[in-house]
Amino acid sequence: MAVDTKKQLVDILLEQGKIKNEVAQNLRHLSNFEVENKLLTDHILEPTEITRAYAGLYNLPFISLANRRIPKETLELIPESLAREYKIIAYEVQREPTKTVRIAISQPVKLTDHLRETITNLEKEKGFKIELAITTMDDFLMAVSGYKTLAPTSSTPQTEKVNIPVQQVKTNYKTINLDQITIPYEVITKFPENIARKYQMVVFEAPHPSFIKVAVTDPDDKKVREILDFVKTKNDIVIEEYRVTPTEIERAMRFYNPEPITSPTPPKPIPQPVPPKPEPMPAPPKKEEPKEEPKPVPPPPPVKEKTEAVPEIGGPGSTQLIVPIENDLDKFVGETVKETSDLQRISETGNVPKIVAAAVILAVSKKASDIHIEAAEKNVRIRFRIDGLLKDVIRLPLEVQPAVVSRVKILSKLKIDESRIPQDGRFDCIAMGHAVDLRISTLPTVHGEKIAMRLLDKSAHLYTLEELGLTGHNLKVLLENMDKPYGLILSTGPTGSGKTTTLYAVLTRISNASVNIVTLEDPVEYEMAGINQCQIRPKIGFTFASGLRSILRQDPNIIMVGEIRDSETAALATHAALTGHLVLSTLHTNDAATTLPRLADMGVEPFFITSLINAIIGQRLVRKLCPKCKRQAHIPAPIFKEIEAEIEKFNLPKPYQFFEGAGCDECELGYKGRVGIFEVLTMSRSLENLVLERKPSSDIKNMAIKEGMITMKQDGLIKALKGLTTVNEVMRVITV
């Protein structure tokens with residue numbers, strides 16, 4: 001299977017004429033899986049068209065199994081559990097000249113290294129050759145139902161060699177045309193949308209609080225069975241299952257948006273009152289008994305609770321996730337928190353756990369990166385860092401400070417009785433429907449402990465280099481150096497300048513099935529498909545340095561080290577680059593030029609530095625102008641003259657025109673969001689000589705500028721000229 005690693009699903013669809021160029025451009029920042037979902041959800045393409053495009057992408061044949069009867073002995077060559085896990089099916093056997101088994105894959109995104117290894121093991125174990133093809137999910141589901149007619153596993157010796165238990169399969173399921181049903185919002189939301197999409201199942205009818213009807217594409221899937229059985233047991237509910245196609249499920253997803261549902265009086269699911277917590281199988285006389293017995297019914301979450309969210313159904317219109325209640329902040333607070341006034345109202349109740357939860361929800365709503373809870377002489381101040389700047393949000397009475405600190409410590413599993421030394425911890429939560437990872441730091445001060453919380457939104461999408469603000473010459477230089485098979489690419493800047501996000505964008509650009517990518521991170525900020533991400537744990541000795549030693553034995557092509565913090569990590573990173581690996585990392589320096597002397601100060605030999613550096617990215621984040629309220633700005637003559645001197649060499653159209661924000665109801669003082677300003681330094685003969693002579697960073701920077709490097713200041717001023725930001729904002733973040 002020869003895969004063009006430079007092409008994505010979008011490229012194939014464009015070549016096949018299935019989508020137009022403007023559609024393709026809007027999809028390029030998405031992964032193949034996200035593109036597939038987007039095209040299906042928006043009804044742009046049919047599943048078969050997308051499947052044929054996958055066949056072109058992976059250079060595999062497309063096969064239709066719609067009217068094909070697959071012999072029993074062919075199906076048995078792949079155990080059912082393996083077939084359902086990877087969505088693959090054996091559909092044909094060729095005996096001559098060599099025994100060859102043809103296998104169809106219905107989810108090409110599952111064509112991972114693990115699946116390839118499994119296929120290789122099957123070839124070795126069974127002694128036959130495997131040829132792959134691509135088929136649709138509908139065809140797969142039709143074909144996989146053939147396992148139901150097979151004899152018990154004891155009479156099928158072909159499957160005994162593979163030590164994977166075959167799951168029990170139900171024999172019959174009802175079918176229904178889901179396209180002909182309008183699903184009320186309060187019904188479909190009994191399963192959270194992410195669960196419905198992931199496992200391809202939706203609730204389409206709820207005639208009674210103890211009875212629901214569920215449409216599912218693959219009722220025999222082991223994970224689906226596990227979830228549905230758990231829901232039944234947990235909620236004392238009867239579930240009637242119907243088999244439907246993946247296309248019908250995708251179309252049903254539109255009902256998760258309540259806007260199209262305009263019926264003012266949706267049908268009520270219950271014709272008469274029922275007890276709040278009905279017994280699962282009550283006898284009629286018991287309905288008139290006192291209600292004392294249901295009180296002890298709600299048990300705590302089971303000890304063997306799964307880390308993955310599972311739907312809980314408690315009554316009409318309810319949608320809940322079985323996670324610890326204190327970590328599901330939306331459910332815990334139980335009311336909307338979108339404005340500071342909402343937090344103020346909750347704070348007046350004196351309920352400290354709800355105050356903390358509401359503060360996190362509001363921070364997520366405002367897209368804050370950090371929360372600071374600070375004890376002062378007379379009160380407790382809560383501040384959010386939004387677009388890089390701290391902003392006062394609310395002040396609490398001083399007497400609640402110990403309780404607030406204790407609450408945060410309980411959530412992050414820190415020592416409540418230890419207030420003399422700093423502590424670090426973390427906890428996961430759900431806020432505004434987002435999965436959020438919070439990194440907690442406590443610091444003793446004269447007025448009490450200060451809390452800093454860093455918010456990492458796990459559901460945030462990965463940015464492209466262009467979206468981050470890398471354009472023109474900077475982007476061209478970086479792309480040229482990303483293609484090198486070994487060397488160092490470093491992203492530099494102060495804390496919070498977006499260094500790690502830039503490295504993720506680089507990884508997204510260069511990741512493909514032919515390379516092994518391993519990362520060492522603290523913390524893992526984004527989860528990326530197709531790469532191996534490791535969370536370092538210094539408390540148990542798993543540091544950047546020790547982790548780097550270990551992953552070098554994992555046969556990596558590309559390594560990302562979250563940060564070069566010490567001489568040992570610097571030495572190991574350069575050694576990895578020297579031995580044929582492409583190494584990406586971050587460093588805390590003021591600009592790109594300062595990085596070279598800094599590495600030398602950390603003990604890296606100048607000769608290695610000059611030999612291994614591919615590119616050094618210096619960066620800052622500036623606030624973006626709000627497009628709604630931006631207006632032309634007046635620049636004082638002395639500053640305008642300085643600007644002209646900086647950007648004159650770029651031959652930009654005159655007269656220069658700059659902008660500012662007036663402020664409106666959609667922005668923060670005229671700004672909304674952030675964008676990066678960059679400089680990209682690459683090695684040259686002149687720069688190598690300066691490094692070898694251990695010249696200061698000022699000499700290195702001047703030479704790099706002379707050789708064509710665009711500085712962060714220049715990049716920022718060009719962005720200001722384009723109306724993306726302001727001159728004041730560029731000057732604020734740049735240290736001259």
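An open sheet of six strands, with antiparallel pairing, runs in the order β12-β11-β10-β15-β14-β13. Its edge strands are β12 (389-397) and β13 (423-431), each of which pairs on one side only. On average, and with direction ignored, neighbouring strands of this sheet are turned by 20 degrees against each other. The model in which this sheet appears is predicted. The chain has 736 residues, of which 48% count as buried, and its secondary structure comes to 28 helices and 24 strands. Among contacts between residues at least 6 apart in sequence, 65% join residues at least 24 apart.

Within the sheet, strand β15 (residues 448-457) offers a useful starting point. In the strand order, β15 stands between β10 and β14. Seven of the ten residues of β15 are buried, so this strand is largely enclosed by the rest of the structure. On the β14 side, ten bridges join β15 to strand β14 (residues 434-445), and the two strands run antiparallel. One of the paired positions is Ser441, whose bridge partner in β15 is Ala452. The connection between β14 and β15 is a hairpin through two residues.

On the other side of β15 lies β10. Here four bridges join the two strands, which again run antiparallel. Asp370 stands opposite Arg454 in β15, and Ile373 has Ile451 of β15 as its bridge partner. In a regular strand the side chains alternate between the two faces of the sheet.

Glu374 allows a closer view of strand β10 (residues 370-375), in which it is placed. Is this glutamate buried or exposed? With a relative accessible area of 12%, Glu374 lies under the 20% cut-off and is therefore buried. Its side chain makes a polar contact with the side chain of Arg383, at 2.8 Å. Arg383 is also among the residues in contact with Glu374 when neighbours within four places in sequence are left aside; the others are Asn379, Val380, Arg381 and Lys450. Of these, Lys450 belongs to β15, the strand that spans residues 448-457.

Beyond the sheet, the chain contains a pair of packed helices. Helix α18 (residues 472-482) and helix α19 (residues 499-510) pack at an angle of about 60 degrees, and their axes are 11 Å apart. An angle of about 60 degrees falls outside the ranges for roughly parallel, roughly perpendicular and roughly antiparallel, so α18 and α19 are oblique to each other. The crossing in which α18 passes α19 is right-handed. Where the helices meet, Leu478, Leu479 and Met482 are the residues from α18, and Val506, Arg509 and Ile510 are those from α19.

His581 is found further along the chain, in the loop between α21 (567-578) and β20 (582-587). Although placed in a loop, His581 counts as buried because its relative accessibility is 10%. The side chain of His581 reaches the backbone oxygen of Ala576 at 2.9 Å. Ala576 is also one of the residues that His581 touches when those up to four places away in sequence are not counted. The other residues touched are Pro485, Tyr486, Gly487, Leu552, Pro556, Asn557 and Ile559.

Two further positions lie earlier in the sequence. Ala104 is placed in strand β2 (residues 100-105) and is buried, with a relative accessible area of 0%. Leaving out residues up to four places away in sequence, Ala104 touches Ile63, Leu65, Lys87, Ile88, Ile89, Tyr91, Ala133 and Thr135. Ala104 and Thr136 are 32 residues apart in sequence, while their C-alpha atoms are 9.0 Å apart in space.

Tyr147 is in the loop between α8 (137-144) and β4 (174-175). What is the relative accessible area of Tyr147? The value is 7%, and Tyr147 is therefore buried. Residues up to four places away in sequence aside, Tyr147 touches Leu75, Ile78, Pro79, Glu80, Ala83 and Ile89. Ile89 is touched by Ala104 and by Tyr147. From C-alpha to C-alpha, Tyr147 and Lys72 are 8.0 Å apart in space, although 75 residues separate them in sequence.

Note on methods. Residues are numbered from 1 along each chain as its sequence is written. This is a predicted model: local features need pLDDT of at least 70, side-chain atom pairs count only at pLDDT 80 or more; totals for chains, interfaces and linings use all residues. Side-chain values use heavy atoms; hydrogens and water are left out. Buried means under 20% relative accessible area, exposed over 50%, partly exposed in between (1.4 Å probe, protein chains only). A polar contact is a pair of N or O atoms within 3.5 Å; within protein, one must be able to donate a hydrogen and the other to accept it, and residues adjacent in sequence count only if both atoms are side-chain atoms. Contact means heavy atoms within 4.5 Å. Two strands pair if DSSP finds at least two bridges between them. Axes are lines fitted to C-alpha atoms, for helices over the stretch in contact, and angles run from 0 to 180 degrees between N-to-C directions. Angles under 35 degrees count as roughly parallel, over 145 as roughly antiparallel, 65 to 115 as roughly perpendicular and the rest as oblique. A crossing is left-handed if the near helix is turned anticlockwise from the far one by less than a right angle, and right-handed if clockwise.
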